[in-house]
Amino acid sequence: MNKKGIISSLFFLEFFVLGTYQPLMSLYCRDYLVFSGLETGLILSTATVAAFISPAMTMILADRIISAEKLLGILQLLSGVFLVLISGVRHLMPLFLVYLLMNIFITPTNALLNSITFKNLGSKQGNRFGSIRVWGTLGWIGAAVFFTFFWMNPKVPIPFERDLGTVFPVAAAVSFCCGIIVFSGLRNYGTDKKVHAEYTRTGSSIPKDKVLWGFFLLCFLFSVQDRYYFLGISPFLKDVGVMESNILFIISIGQMSEVLFMLLLSRLLGTFGIKRIMAAGAAASCLRYMIFLICSLNTFVPVTAIVCGIFFHGLIFALYMAVAIIYLDSFCTAENRAALHQFYYIVTSGAGSLVGNIFGGILLDISLSVFSNYFIFWLCPGLLSLAVLLLVPKFITRS
């Protein structure tokens with residue numbers, strides 16, 4: 001298998017792991033472990049704490065002391081170990097610590113994989129990123145199909161108890177497979193002496209560019225609203241009557257639409273350009289929350305209406321988040337690529353997710369206990385999406 005095929009398979013497995021536990025983690029904490037909204041937000045915020053620690057460490061290690069490829073393999077194997085441990089933890093503080101350690105190892109893997117992808121594509125082939133990254137979307141969908149129609153399906157005979165806690169050992173097994181493929185398929189394990197010398201000479205890997213920092217501000221705001229979506233969507237679906245076994249599949253409809261738009265991304269970028277495409281992604285986010293707001297005020301919520309809002313997730317990811325990564329790489333050089341992609345994850349998965357999870361958890365409690373609906377909860381990310389839409393023309397200025 002050539003490198004493109006190996007990297008595509010790694011994206012598939014990487015996002016199969018993430019799609020296994022991330023959409024259900026808030027439901028698992030709230031319903032199975034009986035945590036409050038704030039406690040659930042604290043557990044989920046461990047991912048953001050890890051997003052400050054691990055990418056910062058990876059910025060120092062990747063392609064300086066150890067190659068990005070080898071570091072990716074090590075982190076995937078360590079992630080698998082802690083995914084196994086999570087399923088046996090039932091109390092708040094032990095789960096907080098184990099989930100934190102797992103996230104320290106798994107958080108930088110996506111940025112490393114993006115960096116490895118662009119290193120192999122070359123600086124003039126960034127538009128091909130969509131055709132490779134789409135395999136990550138297919139992996140997320142694959143996880144939803146596997147758990148909905150096989151693992152959590154009571155009609156399929158499985159000789160052990162079916163509950164949400166069993167998703168973690170499955171995710172661990174896939175993470176181990178991902179690590180093995182990295183070590184067996186990606187063999188660029190040496191560090192580049194020229195690149196290492198350039199690191200030493202410059203002393204810094206983050207350019208002092210006002211355009212770049214304006215872009216990071218947009219990414220921070222957008223990542224905050226994204227955390228609200230993942231924090232609230234599975235409890236929202238359950239509270240309107242969707243069976244637990246169907247929730248993961250319904251959420252994956254957003255990834256199904258993502259496949260279509262990721263495959264069209266290169267053509268869309270060539271026709272409309274980065275600024276218009278990112279504005280369209282922010283507009284889709286506004287429409288998603290508008291649908292959720294309307295649904296939250298109805299006593300009898302049609303699930304099909306919520307599904308329409310979930311469908312917009314694919315547009316949002318492809319048109320904004322994937323394009324943001326391509327735009328980011330336009331600032332990269334061989335010397336700073338791994339570090340700059342890791343810093344992007346500090347801004348988004350770190351600062352943005354921390355704010356989104358903590359304030360989202362508090363707002364979820366207030367919205368349900370005081371108003372008995374999700375209106376206030378969905379209003380906040382809707383306003384953030386509108387702010388990003390208005391700021392895109394100001395901050396996305398580089399072609």
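Here is a short walk through this predicted model, one selection at a time.

**The whole chain**

Start with everything shown as a cartoon. You'll see 14 helices and 0 strands, so if you're reading the elements from the N terminus on, it's α after α right to the end, by the usual run-based assignment. Now switch on a surface. The accessible surface of the chain comes to about 15,900 Å², and 70% of that belongs to carbon and sulfur atoms. Of the 399 residues in the chain, 58% are buried. Contacts reach far along the sequence, too: among those with a separation of 6 or more, 83% join residues 24 or more positions apart.

**Tyrosine 21 and the core**

Next, select Tyr21, Phe215 and Phe292. The largest nonpolar core has 135 residues, and these three touch the most other members. Zoom in on tyrosine 21 and show what surrounds it. Leaving out residues up to four places away in sequence, tyrosine 21 touches Leu83, Tyr99, Met102, Asn103, Ile106, Val167 and Phe168.

**Phenylalanine 82**

Move to helix H4, residues 68-86, where you'll find phenylalanine 82. Is phenylalanine 82 buried or exposed? Its relative accessibility is 17%, and the cut-off for buried is under 20%, so phenylalanine 82 counts as buried. Beyond its neighbours within four places in sequence, phenylalanine 82 is in contact with Val98, Leu101, Met102 and Phe105. Try a distance, too: from phenylalanine 82 to leucine 100 is 9.4 Å, C-alpha to C-alpha, with their positions 18 residues apart in sequence.

**Helix H7 and its cysteine**

Now pick residues 167-185, which make up helix H7. H7 has 19 residues and spans 27 Å from first C-alpha to last, close to the 27 Å expected at 1.5 Å a residue. Colour its buried residues: Val167, Phe168, Val170, Ala171, Ala172, Val174, Ser175, Cys178, Gly179 and Val182. Two of these, Val167 and Phe168, are also on the list of residues that tyrosine 21 touches.

Looking for disulfides? How many does the structure hold? The count is 0. Cysteine 178 is in no disulfide, and the nearest cysteine sulfur, belonging to cysteine 177, is 8.6 Å away. Cysteine 178 counts as buried because its relative accessibility is 1%. Click on cysteine 219 as well: that one is buried at 3% relative accessibility.

**Serine 223**

Go on to helix H9, residues 210-239, and select serine 223. Serine 223 is buried, with a relative accessible area of 9%. Which residues does serine 223 touch, not counting those up to four places away in sequence? They are Val347, Thr348, Gly352 and Ser353.

**Glutamate 258 and helix H12**

For the last stop, select glutamate 258 in helix H11, residues 253-296. Glutamate 258 is buried, at a relative accessible area of 3%. Setting aside residues up to four places away in sequence, glutamate 258 touches Arg133, Thr137, His313, Gly314, Phe317 and Ala318.

Follow the contact with Phe317 into helix H12, residues 303-329. H12 has 27 residues and reaches 39 Å from its first C-alpha to its last, close to the 39 Å expected at 1.5 Å a residue. Where does H12 bend? Look at phenylalanine 317: the helix bends there by about 35°. H12 is mostly covered as well, with 21 of its 27 residues buried.

Methods
Residues numbered from 1 in each chain as written. Predicted model: local features only at pLDDT ≥ 70, side-chain atom pairs only at ≥ 80, totals over all residues. Heavy atoms only, no water. Helix = DSSP H or I, 4+ residues; strand = E, 2+ residues; numbered from the N terminus. Buried < 20%, exposed > 50% of the residue type's maximum accessible area, 1.4 Å probe, protein only. Contact = heavy atoms within 4.5 Å. Expected span 1.5 Å × (residues − 1). Bend = angle between axes of the 7 residues up to and from the residue. Core = buried A, V, L, I, M, F, W, Y, C linked by side-chain atoms within 4.5 Å. Areas by Shrake-Rupley, 256 points an atom, 1.4 Å probe, with all protein chains shown as cover. Disulfide = S-S within 2.5 Å.
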